[in-house]
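Q: Please take a close look at one part of this model: the packing of its helices and strands. I would like the contacts spelled out residue by residue.

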Amino acid sequence: MNTEKQEPLCCAPEPLSEQPYGQEFWNSKYQVGETGWDLNAASPALVHAIDGISDKNASILIPGCGNAYEADYLLEQGFTNVTLIDIAPDLVNALKARYADQSDRIRVIEGDFFAHEGEYNYILEQTFFCALPPLLRSAYVRKMYHLLASEGHLMGLLFNREFEQEGPPYGGTAEEYQALFGPHFHILHMADCDLSHPKRLGTELYIDFEKKCAACANLELNKK
Ligand SMILES: C[S@@+](CC[C@H](N)C(=O)[O-])C[C@H]1O[C@@H](n2cnc3c(N)ncnc32)[C@H](O)[C@@H]1O
């Protein structure tokens, strides 16, 4: 068995322009106000996740951040190193204006998550994974692995349901997530979320996945 210490390879998916749900698709959703996913407030489950982070200087990323109400909560709680990224330019321009006077504590990036480079202690997930075509799920897992610092955490919410209509959103199950994330992450927690917004109650899993060391991840991958 090859146990050579090596980071699992990360390959970018197709360029954003060739993805079915790219920049134009998402920007138009914000332009016409078709944002049914928007909770209009920080998600209680993510507030819970944030309350568990004791280091106020921890680097925290919110990918596919949307209106990023959780970022307001992070700043209120004194966090100093927050990064938001989204591909929808109109949304990002509004966020940049909203946080213009706090740019020493929060960075707002217009861009494709899959092309983003950085290193984070925590990445917060809410309705970003489900917004991506399922073909990108393996790339999402690998990208999360590479963006997280050693022992970093991916925390938040994943749907535990299927949707009748063609997505986005795309659903999934705990078994699928276990198979996808398990080789790269310690699944510290993945269970029904009792802090969901009422309209999602009983349909979401609260997750806390810790990045495995490269050798552990390779061992798992080589077992396959
Ligand atoms: C369903 S919305 C969720 C927004 C936010 N997380 C929330 O819960 O309100 C999905 C978001 O992901 C963004 N997005 C989609 N594909 C992306 C990509 N490849 N890189 C960065 N953001 C992306 C969209 O612009 C949109 O804001």
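A: What follows goes from a buried helix to a strand residue beside it, then to two helix pairs and the ligand shell.

The model is predicted. Start with helix H5, residues 137–147. Its buried residues are Tyr140, Val141, Lys143, Met144, Tyr145 and Leu147. Lys143 is thus named among the buried residues of H5. These buried residues pack against several elements. Three of the partners are strand S1 (60–63), strand S4 (120–125) and strand S5 (148–159). Helix H6 (174–181) and strand S7 (204–211) are also partners.

Now move to strand S4, where Ile123 lies. Is Ile123 buried or exposed? It has 25 C-beta neighbours inside 10 Å. The cut-off for burial is 20 or more, so Ile123 counts as buried. Set aside the neighbours within four places in sequence, and Ile123 is in contact with Leu61, Pro63, Met144, Leu147, Leu148 and Leu154. Two of these names, Met144 and Leu147, are buried residues of H5. Pro63 deserves a separate mention. Ile123 and Pro63 stand 60 residues apart in sequence. In space, their C-alpha atoms are 7.6 Å apart.

Next, the helix pairs. Helix H2 (residues 44–51) and helix H3 (residues 69–76) have axes that come within 10 Å. They cross at roughly 30°. Angles under 35 degrees count as roughly parallel, and H2 and H3 are therefore roughly parallel to each other. The crossing of H2 past H3 is right-handed. H2 contributes Leu46, Val47 and Ile50 to the contact. H3 contributes Glu70, Tyr73 and Leu74. By class, the contact of H2 with H3 has 5 nonpolar residues, no polar ones and 1 charged.

Helix H1 (residues 23–32) and helix H4 (residues 89–98) form another pair. They pack at an angle of about 65°, and their axes are 7 Å apart. On H1, the contact is made by Asn27, Tyr30 and Gln31. On H4, it is made by Pro89, Asp90 and Leu91. The contact of H1 with H4 divides into 3 nonpolar, 2 polar and 1 charged.

Last, the ligand. How many residues surround the ligand? There are 19. The closest are Trp26, Gly64, Gly66, Phe113 and Ala131. By class, the shell around the ligand has 11 nonpolar, 5 polar and 3 charged residues.

Notes. Residues are numbered from 1 along each chain as its sequence is written. This is a predicted model: local features need pLDDT of at least 70, side-chain atom pairs count only at pLDDT 80 or more; totals for chains, interfaces and linings use all residues. A residue is near a molecule or strand if its C-beta atom, placed from the backbone, lies within 6 Å of it. Ala, Val, Leu, Ile, Met, Phe, Trp, Tyr, Cys and Pro count as nonpolar, Asp, Glu, Lys and Arg as charged, and the others, Gly among them, as polar. Axes are lines fitted to C-alpha atoms, for helices over the stretch in contact, and angles run from 0 to 180 degrees between N-to-C directions. Helices (H or I, at least four residues) and strands (E, at least two) are DSSP runs, numbered from the N terminus. Angles under 35 degrees count as roughly parallel, over 145 as roughly antiparallel, 65 to 115 as roughly perpendicular and the rest as oblique. A crossing is left-handed if the near helix is turned anticlockwise from the far one by less than a right angle, and right-handed if clockwise. Two residues are in contact if their C-beta atoms, placed from the backbone, lie within 7 Å. A residue is buried if 20 or more other C-beta atoms lie within 10 Å of its own, exposed if 12 or fewer, and partly exposed in between; C-beta atoms are placed from the backbone.
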